[in-house]
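This report walks through one protein chain, moving from its overall make-up to a few selected residues.

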Amino acid sequence: MWRQKREGQRVKDIRRKKLHKVARNQYERMGNDVTMQCGSLDNDASVSWKVNGTDVKAQHHLEGPRLMLTEVDLGHNGLYSCFQNPHGERRDTIYLHIGIPPREPTVTCRSNTYPKGFYCSWHQLHQTFIPTTFEVDV
């Protein structure tokens with residue numbers, strides 16, 4: 001991010017450096033209880049958690065560096081950050097994705113020129129709410 005700073009008549013560009021840790025992804029099944037670990041902190045570490053920059057308001061409890069959420073749903077999706085007390089240093093960032101495992105897709109194939117060529121399409125009957133890909137062998 002660039003910011004301009006005026007000093008008298010001169011304009012200077014100053015580059016602001018921020019060190020951001022990359023958030024890791026955690027995928028969990030809708031309806032399950034979920035545990036998130038704050039980095040590699042010891043079991044007796046004191047931490048606080050935020051989701052999308054605000055205090056966690058969902059039903060949860062803490063066990064040392066672990067945040068436990070109960071019966072998660074789509075409302076639990078978000079960017080969770082943990083901070084080591086008492087100084088509030090951010091120690092870990094997790095992007096929580098709640099979803100449903102995909103089922104086998106419905107596949108339909110057609111051809112006007114078989115065996116020279118064919119066309120297949122597929123679709124999911126139920127939404128997964130998480131990224132889903134399939135590999136097809138023919």
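Strands, as the word is used here, are DSSP runs of type E with at least two residues, numbered from the N terminus. On that basis the elements of the chain, read from the N terminus on, run β-β-β-β-β-β-β-β-β-β-β-β, which amounts to twelve strands and zero helices. The model is a predicted one, and every value below was computed from it.

Of the 138 residues of the chain, 22% count as buried. The chain exposes about 10900 Å², and carbon and sulfur atoms supply 49% of that area. Among the contacts with a separation of 6 or more, 52% come from residues 24 or more positions apart.

**The open sheet**

Strands of a sheet pair through backbone hydrogen bonds, in either the parallel or the antiparallel sense. Three strands of this chain form an open sheet in the order β4-β8-β7, with antiparallel pairing. Because β4 (34-37) and β7 (60-63) stand at the edges and each has a single partner strand, one side of each is left without a neighbour in the sheet. Neighbouring strands of this sheet are turned against each other by 20° on average, direction ignored. Between β4 and β8 (residues 66-69) the antiparallel pairing runs over four bridges, and Val34 has Leu69 as its bridge partner in β8.

**Strand β5 and its partners**

Strand β5 (residues 47-51) shows an alternation of side chains, in which Val47, Trp49 and Val51 point to one face and are buried, whereas Ser48 and Lys50 point to the other face and are not buried. This strand pairs in the antiparallel sense with β9 (residues 78-84) over five bridges, and in the antiparallel sense with β6 (residues 54-55) over two bridges. Lys50 takes part in both pairings, since its bridge partner in β9 is Ser81 and its bridge partner in β6 is Asp55. The hairpin of β5 and β6 has two residues between the strands, and in this hairpin Asn52 takes a positive phi near 50°.

**His97 and the aromatic pair**

Which residues does His97 touch, not counting residues up to four places away in sequence? They are Asn25, Gln26, Tyr27, Glu28, Asn77 and Ile130. His97 itself lies in strand β10 (residues 89-99), and its side chain makes a polar contact of 2.8 Å with the side chain of Asn25. With a relative accessible area of 17%, His97 is buried, because the cut-off for that class is under 20%.

A pair of aromatic rings is described by the distance of the centres and the angle of the planes. The structure holds one aromatic pair. The rings of Trp122 and Phe134 have centres 5.1 Å apart and planes at 75°, so the pair counts as edge-to-face. Trp122 belongs to strand β12 (residues 119-123) and Phe134 to the segment after β12, so the pair ties together parts that are twelve residues apart in sequence.

The relative accessible areas of His97 and the two ring residues are set out below.

| Residue | Relative accessible area | Class |
|---|---|---|
| His97 | 17% | buried |
| Trp122 | 45% | partly exposed |
| Phe134 | 32% | partly exposed |

Both members of the aromatic pair thus fall in the partly exposed class, Trp122 at 45% and Phe134 at 32%, while His97 at 17% is buried.

Terms used:
Residues are numbered from 1 along each chain as its sequence is written. This is a predicted model: local features need pLDDT of at least 70, side-chain atom pairs count only at pLDDT 80 or more; totals for chains, interfaces and linings use all residues. Side-chain values use heavy atoms; hydrogens and water are left out. Two strands pair if DSSP finds at least two bridges between them. Axes are lines fitted to C-alpha atoms, for helices over the stretch in contact, and angles run from 0 to 180 degrees between N-to-C directions. Buried means under 20% relative accessible area, exposed over 50%, partly exposed in between (1.4 Å probe, protein chains only). A polar contact is a pair of N or O atoms within 3.5 Å; within protein, one must be able to donate a hydrogen and the other to accept it, and residues adjacent in sequence count only if both atoms are side-chain atoms. Contact means heavy atoms within 4.5 Å. Rings of Phe, Tyr and Trp (its six-membered ring) pair if their centres lie within 6.5 Å; planes under 30 degrees apart count as stacked, over 60 as edge-to-face and the rest as tilted. Accessible areas come from the Shrake-Rupley method with a 1.4 Å probe; for residues, only the protein chains shown count as cover.
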